[in-house]
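Student: I should like to understand how the terms used for a protein structure are justified. May we look at one together?

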Amino acid sequence: VMKLNPQQAPLYGDSVITVQLTEEDKVEDDVVFYLVFTGSTVQHCTSTRKINPGSLETISPGHDCCETVKVALCASREGHPVLVVAEESFQFVQDEAYDAAQFLATCAGNQQALNFTRFLDRSRPPAADVDFLDEKVALAFRHLKLPAEWNVLGADQSLTENIPRETLMHFAVRLGLLRLTWFLLQQPGGRGALSIHNNEGATPVSLALERGYLKLHQLLTEEGAREPDSWSTLSHTVHSGDYSVKHHRGLDVYLLTAEA
């Protein structure tokens with residue numbers, strides 16, 4: 001038996017999982033442990049790193065649907081067959097950040113919904129909460145399968161830049177969400193949103209200045225602005241056919257995902 005902590009992860013993955021080993025599994029240094037997650041259509045294999053003789057650490061993979069999957073702890077040693085040491089179940093769930101990203105993605109051009117986000121802004125969350133929100137919602141947004149025609153400004157492309165309106169970019173900047181702003185900038189309509197005025201005549205760029213978000217203002221105005229530090233900048237993904245390999249530099253863990 002092994003203990004996984006936590007026993008669930010959000011669909012977009014990228015959270016830390018600790019694996020507690022039982023006495024008999026605390027083995028010599030030349031054993032390499034892997035976790036294999038088997039879902040209904042996708043399988044993931046992650047490497048682990050040893051924290052101490054009795055526990056390992058890994059990164060949860062991003063999964064394709066909410067379900068309970070089987071996790072096998074596998075041990076390999078040079079010259080020996082791979083052994084399944086223990087099995088446990090694990091759950092992928094849709095959390096609030098995922099809900100929020102889905103909501104924001106669907107209300108890209110919806111003025112009522114965007115005005116609601118302005119209303120939310122009046123009860124400013126504390127900075128630590130904003131940072132947490134920014135990290136999670138940006139991770140979730142990356143994981144969403146956005147339709148090919150998705151645009152930061154919404155579906156109605158006939159609206160010219162002269163029509164004053166709220167945009168998703170106003171929302172992200174008003175709350176000071178650096179990583180979400182960066183993500184939106186890379187999407188269709190992201191750059192175009194920077195010059196759109198809302199009903200008060202504010203653009204996302206002027207909002208950043210007015211609120212004193214200097215880093216954010218740099219991100220929006222400087223040519224060579226770099227991606228803000230985040231959990232996702234610590235990882236690098238390579239896709240090839242039905243496979244993808246992700247290296248999480250923070251923990252030096254590798255994740256392989258394949259269509260089952």
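Tutor: Certainly; please keep in mind that this is a predicted model. Let us begin with His248.

Student: Why is His248 called buried?

Tutor: Buried means under 20% relative accessible area. His248 has 0% relative accessibility, so it counts as buried.

Student: Where is His248 placed, and which residues does His248 touch?

Tutor: His248 is in strand 11. Leaving aside residues up to four places away in sequence, His248 touches Asp14, Ile59, Trp231, Leu234, Ser235 and Val253. Contact here means heavy atoms within 4.5 Å.

Student: What makes a set of residues a nonpolar core?

Tutor: The residues must be buried, belong to the listed types, Leu and Phe among them, and be joined through side-chain atoms within 4.5 Å. The largest nonpolar core has 60 residues, and those with the most contacts inside it are Phe90, Phe141, Leu180 and Leu184. Its largest share, 6 residues, comes from helix 5 (residues 178-185). Domain 1 (3-94 + 235-259) and domain 2 (96-221) each contribute at least three residues to this core. In soluble globular proteins, nonpolar side chains tend to be buried together.

Student: Which residues does Phe141 touch?

Tutor: With residues up to four places away in sequence not counted, Phe141 touches Ala101, Leu104, Ala105, Leu146, Trp150, Leu180 and Phe183.

Student: How do you know where the largest pocket lies with respect to domain 1 and domain 2?

Tutor: Residues of domain 1 (3-94 + 235-259) and of domain 2 (96-221) both occur in the lining of the largest pocket, so the pocket lies between these domains. This pocket has a volume of about 900 Å³. Its lining consists of 33 residues, with His143, Thr237, His239, Ser244 and Lys246 nearest the centre. Among the elements that give two or more residues to this lining are helix 3 (127-143) and strand 11 (243-248).

Student: What classes of residue line the largest pocket?

Tutor: The lining of the largest pocket has 15 polar, 9 nonpolar and 9 charged residues.

Student: What is the volume of the second largest pocket, and which residues are closest to its centre?

Tutor: The second largest pocket has a volume of about 430 Å³. It is lined by 20 residues, and Gly176, Leu178, Lys215, Leu216 and Pro228 are the closest to its centre. Helix 3, helix 5 and helix 7 (214-221) each supply at least two residues of this lining. By class, the lining of the second largest pocket has 10 nonpolar, 2 polar and 8 charged residues.

Definitions and conventions
Residues are numbered from 1 along each chain as its sequence is written. This is a predicted model: local features need pLDDT of at least 70, side-chain atom pairs count only at pLDDT 80 or more; totals for chains, interfaces and linings use all residues. Side-chain values use heavy atoms; hydrogens and water are left out. Buried means under 20% relative accessible area, exposed over 50%, partly exposed in between (1.4 Å probe, protein chains only). Helices (H or I, at least four residues) and strands (E, at least two) are DSSP runs, numbered from the N terminus. Domain bounds come from an automatic or database domain assignment. On a 1 Å grid over the protein atoms alone, a cavity is a set of points where a 1.4 Å probe fits but cannot get out, and a pocket is an open set with protein on both sides within 12 Å along at least five of seven lines; lining residues have an atom within 4 Å of a point. Grid points are joined across faces, edges and corners, and a volume is the space filled by probe spheres set on the points. Ala, Val, Leu, Ile, Met, Phe, Trp, Tyr, Cys and Pro count as nonpolar, Asp, Glu, Lys and Arg as charged, and the others, Gly among them, as polar.
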